[in-house]
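User: I would like to go through this model with you. Could you take my questions one at a time?
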There are 2 protein chains.
Amino acid sequence: MSTKERRKREIEEMRLEIIEAAVGLFLSDGYANVSMRKIAKQIDYSPTAIYNYFANKEEILIQILRQGYSIFLSSLKEGVAKSDSQDALERLKASLYAYIEFGFKHPDYYRLIFIENLHQLQRVMTEEDDRIRGFLLLTEIVAKAMSTGALKKNDAQLVSQSLWASLHGITSLLITFPDFSWHEKEGFVTFQVDAMIKGLT
Amino acid sequence: MSTKERRKREIEEMRLEIIEAAVGLFLSDGYANVSMRKIAKQIDYSPTAIYNYFANKEEILIQILRQGYSIFLSSLKEGVAKSDSQDALERLKASLYAYIEFGFKHPDYYRLIFIENLHQLQRVMTEEDDRIRGFLLLTEIVAKAMSTGALKKNDAQLVSQSLWASLHGITSLLITFPDFSWHEKEGFVTFQVDAMIKGLT
DNA sequence: AATATAAGTTAACGGTGTTAATTAAAATAA
DNA sequence: TTATTTTAATTAACACCGTTAACTTATATT
């Protein structure tokens, strides 16, 4: 009965191979400009072979969104961890910067996840593991900052949603409209983060 | 020589007919899901006839973006005008609300202009008329609020970009991710606007 | 009325996601 | 090991797509 086991592994390997090919194409060319035929060519299979491993093109995207969201979460946690300060406000600031910096470091992932396919995020987050905790992470940090008095007491859920909105605004605008006459980037970001914090204290 | 004049008018009428059909389809189905063939069918022409009036599908989009941006500008101006208060801060607040409300009233336009095709905005704004003054409008209001002391003095350009970012964040998130467990909308918006203003005073 | 110009049509090219039918390979049963 | 069944891959096909080229029809100019 080890054949079943082996086969299971083979399926997983094939799925990985497909994803690997697809993620490169999706990130460089954009989801819409990547065809099943292109993915198939890259892994030397016929286009229809892929359908034995993924129901359709969208399911490949979902899997890649999951991966991307994991990377996003790691970046966020790492960013918060690096600011080893115990000060709740510093930790909050660190997480805000970490969010924006993820966008700059992985603009293609950010675009794919948070701009072009945000409506799929529910499907990406709400499945088994702790992926959903991405937003909870921010909420917790906000709640902590409130309990220490660093932030004005308020609905932590509401406040973190407001923060997310401002973060998403600056990140997505800079990514999708790079030709605009933006203020120098670093100064813009620090100004935005400072204003966000100030608005809540 | 009046035939030339008439013909010119006919061309303009045909362009209008195409745009009229396209705008409905683009807004309801999204740019990507609308084909030249569908537009053609709606106006009872062969698909290739359209190419006598627009170079390609994208040029139709650009024209529609221009229209949409005009509507956006009108909404903004109207929103500011309605708050007939002379108080600079009130005027600023009114323009912030007007921006978000445009997004809620015309989510399809907002998505088309500011989310899916923002990179085209340069082409939409920087042509002849005063379309570009959309962003200047906000900058001017901000500058005024600074000169009256209602807002902390600062680079008005930078401040208005920061405001735009926060506005775009909340508007685009609510539009593209309606299934999320958002705080009740009206409360969310007023909280966001208040926080934005507070962050700058 | 004959000719040149413009505007519309159909046909075609190379592409898309996906399904159905078919062949080749692998696993199971005899 | 052979025969049979299951599985995985292929090719063919469908109904689309944006766009170009060739052709026909209508309009305008000579």
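User: How many helices and how many strands are there in chain A?
Analyst: Chain A has 9 helices and 0 strands, where helices (H or I, at least four residues) and strands (E, at least two) are DSSP runs numbered from the N terminus. This is a predicted model, in which local features need pLDDT of at least 70, side-chain atom pairs count only at pLDDT 80 or more, and totals for chains, interfaces and linings use all residues. Residues are numbered from 1 along each chain as its sequence is written, while chains are lettered from A and ligands numbered from 1 in the order in which they are written.

User: What does the C-alpha trace of chain A span along its principal axes?
Analyst: The span is about 60 × 45 × 25 Å. Of the 201 residues in chain A, 34% are buried, that is, 20 or more other C-beta atoms, placed from the backbone, lie within 10 Å of the residue's own.

User: Turning to the two chains, how can chain B be laid on chain A?
Analyst: A turn of 180 degrees with a shift of 0.0 Å along the axis lays chain B on chain A with an RMSD of 0.1 Å. The two copies are thus related as by a two-fold rotation axis. The superposition is by least squares on the C-alpha atoms of residues with pLDDT of at least 70 in both.

User: And how many residues are in contact there?
Analyst: 31 residues of chain B are in contact with 31 residues of chain A, contact meaning that the C-beta atoms, placed from the backbone, lie within 7 Å. H8(B) gives the most to the side of chain B that touches chain A, with 13 residues. That side divides into 16 nonpolar, 13 polar and 2 charged residues. Here Ala, Val, Leu, Ile, Met, Phe, Trp, Tyr, Cys and Pro count as nonpolar, Asp, Glu, Lys and Arg as charged, and the others, Gly among them, as polar.

User: Why do the copies meet through the same surface?
Analyst: They do so because 100% of the interface residues of chain B are also interface residues in chain A.

User: New topic: which residues are closest to DNA strand C?
Analyst: The closest are A:Ser35, A:Asn56, A:Lys57, B:Ser46 and B:Ala49, among 20 residues that surround DNA strand C; a residue is near a strand if its C-beta atom, placed from the backbone, lies within 6 Å of it.

User: How do the residues of that surface near DNA strand C divide?
Analyst: They comprise 6 nonpolar, 7 polar and 7 charged residues. Elements supplying at least two residues each include helix H3 (57-82) of chain A and helix H1 (2-29) of chain B.

Conventions. Two residues are in contact if their C-beta atoms, placed from the backbone, lie within 7 Å. A residue is buried if 20 or more other C-beta atoms lie within 10 Å of its own, exposed if 12 or fewer, and partly exposed in between; C-beta atoms are placed from the backbone.
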